[in-house]
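Here are some notes to read alongside the model, offered in the order I would look at things. I hope they are handy when you open the coordinates.

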Amino acid sequence: MYFKIGGMVGAIAILLSSGSAIVAPTLSAIAQDAQRYITVGHDKLGNSIALDTESIKGTTYKLYGMYKDGIFETTFDASCAESRLFLNHIAIYGSEGELLQEDKEKEEIPFVANSSPGKGMKIVCQKIGALGW
């Protein structure tokens, strides 16, 4: 699989496709990005879904995954004390890094501990030192 994309979208595509894409200029850049993104699950096709550790702001975090020849970005907000999870934003980017679709409607979603959003929430809640996590 080859992605003709660069920047953050390209780095994410490399990591999510298990290294089968070649778009980064150096291996050290890939290694740095590998530390930034933590795999929290997989989609139905076996592609990784990753938590962007640098995007964490309090209890707000982003997950990335493959979508056709681009990526999707989902933003969540966790209520650690109540074990509640809120979906804040969804964006889909094409192979050139262009925004294809965006949904900013906020909604509560069920907290499922073994789901990708649930695993991301666990990491975020532990990072802030929330009780019970």
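1. A word on burial to begin with. A residue is called buried when its relative accessible area is under 20%, exposed when that value is over 50%, and partly exposed in between. Methionine 121 has a relative accessible area of 0%, so methionine 121 is buried. Please keep in mind throughout that this is a predicted model.

2. Now the overall layout. The protein has 3 helices and 7 strands, and along the sequence they follow the pattern α-α-β-β-β-β-β-β-β-α. Of its 133 residues, 43% count as buried. The accessible surface comes to about 7400 Å², and carbon and sulfur atoms make up 54% of that surface. Among contacts with a separation of 6 or more, 34% are between residues 24 or more positions apart.

3. Back to methionine 121, which sits in helix α3 (residues 116-127). What does methionine 121 touch, once its neighbours within four places in sequence are left aside? The list runs to Tyr61, Ala78, Ser79, Cys80, Ser83, Arg84, Leu85, Phe111 and Trp133. For a distance to check in your viewer, try methionine 121 and phenylalanine 76: they are 45 residues apart in sequence, and their C-alpha atoms are 8.4 Å apart.

4. Threonine 74 is another residue to look at from the inside. It belongs to strand β4 (residues 70-79). Its relative accessibility is 9%, which is under 20%, so threonine 74 counts as buried. Beyond its neighbours within four places in sequence, threonine 74 is in contact with Tyr61, Lys62, Leu63, Leu87, His89 and Ile90. Tyr61 is also among the contacts of methionine 121.

5. On to the charged pairs. How many salt bridges does a search of the whole structure find? The search finds 5. One of them joins the side chains of arginine 36 and aspartate 52, at 2.7 Å from N to O. This pair links distant parts of the chain, with arginine 36 in helix α2 (residues 27-36), aspartate 52 in strand β2 (residues 48-57), and their positions 16 residues apart. Both partners are on the buried side of the cut-off: arginine 36 has a relative accessibility of 17%, and aspartate 52 has 1%. Arg36 and Asp52 also belong to a network of salt bridges that takes in Glu54.

6. Arginine 84 deserves its own point. It forms a salt bridge with glutamate 82, where the closest N and O atoms are 3.6 Å apart, and a salt bridge with glutamate 108, where the closest N and O atoms are 2.8 Å apart. Glutamate 108 lies in strand β7 (residues 107-109) and arginine 84 in strand β5, so this pair ties together parts that are 24 residues apart in sequence. Are these three side chains buried, partly exposed or exposed? Arginine 84 is partly exposed at 31%, as are glutamate 82 at 48% and glutamate 108 at 40%. Arg84 also appears among the contacts of methionine 121.

7. Two backbone angles may catch your eye. Phi is near 50° for lysine 68, a positive value in a residue other than glycine, and phi of serine 83 is likewise near 50°. Lysine 68 is in the loop between β3 (60-67) and β4, while serine 83 is in the loop between β4 and β5 (84-93). Lysine 68 has a relative accessible area of 70%, which is over 50%, so lysine 68 is exposed. Serine 83, at 35%, counts as partly exposed.

8. On the surface, Glu102, Asp103, Glu105 and Glu107 gather in a patch of negative charge. Within this patch, glutamate 102 is found in strand β6 (residues 99-103) and is partly exposed, with a relative accessible area of 40%.

9. Last, histidine 42, which lies in strand β1 (residues 37-42). Histidine 42 is exposed, with a relative accessible area of 52%. Not counting residues up to four places away in sequence, histidine 42 touches Asn47, Ser48, Ile49 and Ser116. Histidine 42 and serine 115 are 73 residues apart in sequence, with a C-alpha to C-alpha distance of 9.2 Å.

Note on methods:
Residues numbered from 1 in each chain as written. Predicted model: local features only at pLDDT ≥ 70, side-chain atom pairs only at ≥ 80, totals over all residues. Heavy atoms only, no water. Helix = DSSP H or I, 4+ residues; strand = E, 2+ residues; numbered from the N terminus. Buried < 20%, exposed > 50% of the residue type's maximum accessible area, 1.4 Å probe, protein only. Contact = heavy atoms within 4.5 Å. Patch = residues over 30% accessible without salt bridge, like charges linked within 9 Å, V, L, I, M, F, W, Y side chains within 5 Å. Areas by Shrake-Rupley, 256 points an atom, 1.4 Å probe, with all protein chains shown as cover. Salt bridge = Lys/Arg side-chain N within 4 Å of Asp/Glu carboxyl O. Lys, Arg positive; Asp, Glu negative; His and termini not counted. Charge placed at Lys NZ, Arg CZ, Asp CG, Glu CD.
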